[in-house]
Amino acid sequence: MHGMSDLGKVYVRTFGCQMNVYDTEKIYAFLQDRYVPAASEEEADLIILNTCSIREKAEQKVYSLLGRIKPLKETNPGILVGVGGCVAQQEGEKIMKRSPLVDLVFGTHNLDELPALLDERIHSGKKVCRVIGDSDSVPTAEAPRVPGRAGPASLLTIMKGCDNWCSYCVVPLVRGREISRPAGRILDEASDLIQRGVRELTLLGQNVNSYRDPGSGSGFVELLRKIDALPGLKRLRFVTSHPKDFSRELACAMAELPRVCEHIHLPVQAGSDTVLTAMRRGYSASRYLEKVRLLRSLIPEVEFTTDIIVGFPGETRQDFQRTLELIREVRYQNAFSFRFSPRPGTAASEMDDPVKDSEKKSWLPELQAVQNLITAEKHQDMVGRVVEILVEGFDRKRSGLLEGRTRTNYIVHFQGDPSLVGQIVTVRVTRSRSIHLEGEMPV
Ligand code: SF4
């Protein structure tokens, strides 16, 4: 156990989506008066698993990680273990029953209470579970202001929840209905982040295109324009855009606004209209491709990334071929692809699937091979080019190298002075790697 005077160490393991990456930043910030970040679970006094239930595999990973933590806690019973995020929100006390080493379970709406919950655990000696849902309180998308220092690139939540009910997705179940934050608050938080050194903002929501300011009713494009105009901001991104709601107006704004970067994450999920209909995505492959072409005509250098689900119930080899064709046509910079896994409570979990698992097994690696080749070709095309990158920090694996990103979302590692972190610099790309590029600063 640690006293107040000597700070303990906390390690937060993040599972799943962007939203969780943001929540993890908040967890560190809320705990910063008592804990400094640890490099790994092994050296932590407090281990927090920030979970995600979007994919079944992520949930299994949580329990297998708890299994790995068990010996740590056996050697040092003073270690505290907390589970937060979507799995905590859904499962609550069940987590403690299944894994008795867990001290604390907290929901997605209880992050700000974390210091108080830890006190309760330490002083009462009892395990604590605090999970409130939207039904227990007036729902609000208002996140408490996060204290602490910000890095050069920061995420900023503009809305929470989702009203789309895609047939495979648990987000509307666990994150609740769509709620937009007031534009005034978002602008205040953006200005505050810029003052604290942030150069690049990524606006965050499950479907940013359906953002509506609760006061004026104005939409996402208007918000984007206002943030783009904030002095001191260099770059602006947003994620996620639902293709059905991606408008010509937004495409034009992206082309016109100087800080909005030339990259868009546009999750297609499948290339077959039959599968898209079963997924309840609200667009056809041709409508999707029209939007891609529109963006390319307005912003020739724009890069696309996407999410793809392979092996949806009823998906045939022919359907899958359509996804491959679409990938080849769009030529994504990167695709996050997953094998379909049924999530409890979703419509897709009840769907029959006449196509055998054995037949589908090879599809995901086949798709990934196609995408990897495209990514490799794109990376190779970058070699020799001089690009502008925002230096975000250090490359985690190869110490000493700085890491930055181009406006078009290519990651570049290069040798440079640590004082460059937070600056926009020009580098020449010298080499292509599978996930990133290598570069050097011109002498
Ligand atoms: S748009 Fe669909 S996939 Fe995305 S969060 Fe909403 S329901 Fe889930």
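This briefing describes the ligand surroundings, two parallel sheets, a strand pair and a helix of one structure. The model is predicted. One of its sheets has 6 strands, and another has 3 strands. The ligand has a shell of 7 nonpolar, 3 polar and 1 charged residues.

**Ligand surroundings**

- The residues around the ligand include Cys 162, Asn 164, Trp 165, Cys 166, Tyr 168 and Cys 169.
- Val 171, Pro 172, Gln 206, His 242 and Arg 281 are also among the residues that surround the ligand.
- By class, this shell consists of 7 nonpolar residues, 3 polar residues and 1 charged residue.

**The six-stranded sheet**

- The 6 strands are arranged in the order β2-β1-β3-β4-β5-β6, forming an open sheet with parallel pairing.
- The edge positions are held by β2 (35–37) and β6 (128–130); each has a single partner strand, so one side of each lacks a neighbour in the sheet.
- On average, neighbouring strands of this sheet are turned by 20 degrees against each other, direction ignored.
- Strand β1 (residues 8–14) runs parallel to β2 and is joined to it by 3 bridges.
- Within this part of the sheet, Val 10 lies opposite Pro 37 in β2.
- Helix α5 (residues 114–124) packs on the sheet, where it touches β2, β3 (46–51), β4 (80–85), β5 (104–106) and β6.
- The direction of α5 makes about 155 degrees with that of β5.

**The three-stranded sheet**

- A further open sheet is formed by 3 strands in the order β12-β13-β14, and its pairing is parallel.
- Because β12 and β14 (334–339) stand at the edges with a single partner strand each, one side of each is left without a neighbour in the sheet.
- Neighbouring strands here are turned by 10 degrees against each other on average, direction ignored.
- The parallel strands β12 and β13 (residues 303–310) are joined by 3 bridges.
- His 265 is placed opposite Thr 305 in β13.

**Strands β10 and β11**

- Strand β10 (residues 200–204) pairs with β11 in the parallel sense, over 5 bridges.
- Leu 203 is found opposite Phe 238 in β11.
- Strand β11 is mostly covered, with 5 of its 5 residues buried.
- Both faces of β11 are covered: one side carries the buried residues Arg 235, Arg 237 and Val 239, while the other carries the buried residues Leu 236 and Phe 238.

**Helix α9 and the preceding loop**

- In helix α9 (residues 248–256), the buried residues are Leu 250, Ala 251, Ala 253 and Met 254.
- Viewed down the axis of α9, these buried residues fall within an arc of 160 degrees, so they line one face of the helix.
- The buried residues of α9 pack against α8 (220–228), β11 (235–239), β12 (263–265) and α11 (285–298).
- On the face of α9 turned away from its buried side are the exposed residues Arg 248 and Glu 249.
- Ser 247 is located in the loop between β11 and α9.
- Ser 247 counts as partly exposed because its relative accessibility is 27%, a value between the limits of 20% for buried and 50% for exposed.
- Ser 247 and Arg 322 are 75 residues apart along the chain, and their C-alpha atoms are separated by 24 Å.

Technical notes:
Residues are numbered from 1 along each chain as its sequence is written. This is a predicted model: local features need pLDDT of at least 70, side-chain atom pairs count only at pLDDT 80 or more; totals for chains, interfaces and linings use all residues. Side-chain values use heavy atoms; hydrogens and water are left out. A residue is near a molecule or strand if one of its heavy atoms lies within 4 Å of it. Ala, Val, Leu, Ile, Met, Phe, Trp, Tyr, Cys and Pro count as nonpolar, Asp, Glu, Lys and Arg as charged, and the others, Gly among them, as polar. Two strands pair if DSSP finds at least two bridges between them. Helices (H or I, at least four residues) and strands (E, at least two) are DSSP runs, numbered from the N terminus. Axes are lines fitted to C-alpha atoms, for helices over the stretch in contact, and angles run from 0 to 180 degrees between N-to-C directions. Contact means heavy atoms within 4.5 Å. Buried means under 20% relative accessible area, exposed over 50%, partly exposed in between (1.4 Å probe, protein chains only). The arc is that of the directions from the helix axis to the C-beta atoms.
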